[in-house]
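Good morning, and thank you for coming. I should like to present one structure today, beginning with its ligand and ending with its aromatic rings.

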Amino acid sequence: MTNNLVLVTGGTGTLGRQVVPLLRAAGRPVRVLSRRERPAEDGVAYVRGDLLGDAAEADARLDEALAGVHTVLHLAGGPKGDDEATRRLVAAARRAGVRHLVHISVIGADKVPLGYFRAKLAAEEAVAGSGLPYTVLRAAQFHDLAFTVVEKMAKLPLVPAPGGVRWQPVDVREVAARLVELALGEPAGPVPDLAGPAVYGMDELTRRYLAARGRSRRMLPVRVPGKVGRAYRSGANLTLAGAEHGRRTWEEFLAERLAA
Ligand SMILES: NC(=O)c1ccc[n+]([C@@H]2O[C@H](COP(=O)([O-])OP(=O)(O)OC[C@H]3O[C@@H](n4cnc5c(N)ncnc54)[C@H](OP(=O)(O)O)[C@@H]3O)[C@@H](O)[C@H]2O)c1
């Protein structure tokens, strides 16, 4: 029988929590790497491991997590260190003879001059240079992240509206479905980006949030300075041509989230 065990790093996160049930529904046994000990449930086993912890300890945990694994979905990530974490994972996946490594990255990884994006690009390079059969999907910012950002800004008496900064937020469930489709298929290398159905200015995202909450706030136009500002104003974080698009809009997400 073909081994079809899937390891999901980041299986407890915003994206991973959507991915794991889809893999289970497709009949795949699933193992999740998490920094916390968790009991097995619903056909999902957990292995404790910290991709950025002590190197020898991380390697031992990864070897345990990867034993007998056919496919890895690498969704673990944080504000810092995704390059180092991915290098460690890739080395362990090579030792384990993994057959397909699926990696989530971010649109603009090669263009936005911020540490997070640079680390995502270096992580992509580690995957592509590993010699492992792989697939990399770059996604736009998830609605959940846009919501966190806008909710914080909307608490201020004057809501900052960074001029020329646009987002293409995408529904995390659609990213999860695409990743599972990719994981169940053959390794495809870099695949078309997945963005949301529409481009919004940051101010527009905020206005729609405020309208959905029935609130009003004054907006304060601000200019993001330096090369980061220039990159955002040039659309470095967007894919305006050649992307695949999710269908769920920001307005639909807001209606659902605010009703919950
Ligand atoms: N959020 C976005 O808008 C967006 C857009 C494009 C791409 N992405 C990428 O998508 C991935 C998932 O994002 P998300 O929003 O779902 O993240 P999230 O909700 O913050 O979840 C992060 C996940 O990574 C795991 N993790 C973090 N550091 C770890 C470490 N050192 N060792 C092992 N596991 C670790 C966490 O597991 P435990 O806490 O259980 O250890 C958790 O499951 C990330 O790679 C991110 O860069 C995100």
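Let us start at Thr12, where a polar atom of the side chain lies 2.6 Å from an oxygen atom of the ligand. Please keep in mind throughout that this is a predicted model. Beside that contact, Gly13 places a backbone N or O atom 2.9 Å from an oxygen atom of the ligand. Tyr116 uses its side chain instead: an N or O atom there is 2.6 Å from a ligand oxygen.

How much of the ligand does the protein bury? Taken alone, the ligand exposes 900 Å², and the protein buries 84% of that. The space that the ligand takes is the largest pocket.

Next, the surroundings. There are 26 residues around the ligand, and those that come nearest are Thr12, Ser34, Arg35, Tyr116 and Lys120. By type, the shell divides into twelve nonpolar, nine polar and five charged residues. Which elements give two or more residues to this shell? They are β5, residues 100-106, and α4, residues 115-128. The largest share, three residues, comes from β5.

I turn finally to the aromatic rings. A pair of such rings is described by the distance of the centres and the angle of the planes. A search of the whole structure finds four aromatic pairs. One of them joins Phe147 and Tyr209, which are edge-to-face, with 5.7 Å centre to centre and 75° between the planes. This pair links distant parts of the chain, as Phe147 belongs to helix α5, residues 143-153, and Tyr209 to helix α7, residues 202-213, with the two 62 residues apart.

Conventions
Residues are numbered from 1 along each chain as its sequence is written. This is a predicted model: local features need pLDDT of at least 70, side-chain atom pairs count only at pLDDT 80 or more; totals for chains, interfaces and linings use all residues. Side-chain values use heavy atoms; hydrogens and water are left out. A residue is near a molecule or strand if one of its heavy atoms lies within 4 Å of it. A polar contact is a pair of N or O atoms within 3.5 Å; within protein, one must be able to donate a hydrogen and the other to accept it, and residues adjacent in sequence count only if both atoms are side-chain atoms. Accessible areas come from the Shrake-Rupley method with a 1.4 Å probe; for residues, only the protein chains shown count as cover. On a 1 Å grid over the protein atoms alone, a cavity is a set of points where a 1.4 Å probe fits but cannot get out, and a pocket is an open set with protein on both sides within 12 Å along at least five of seven lines; lining residues have an atom within 4 Å of a point. A molecule sits in a cavity or pocket if more than half of its atoms lie within 2 Å of its grid points. Helices (H or I, at least four residues) and strands (E, at least two) are DSSP runs, numbered from the N terminus. Ala, Val, Leu, Ile, Met, Phe, Trp, Tyr, Cys and Pro count as nonpolar, Asp, Glu, Lys and Arg as charged, and the others, Gly among them, as polar. Rings of Phe, Tyr and Trp (its six-membered ring) pair if their centres lie within 6.5 Å; planes under 30 degrees apart count as stacked, over 60 as edge-to-face and the rest as tilted.
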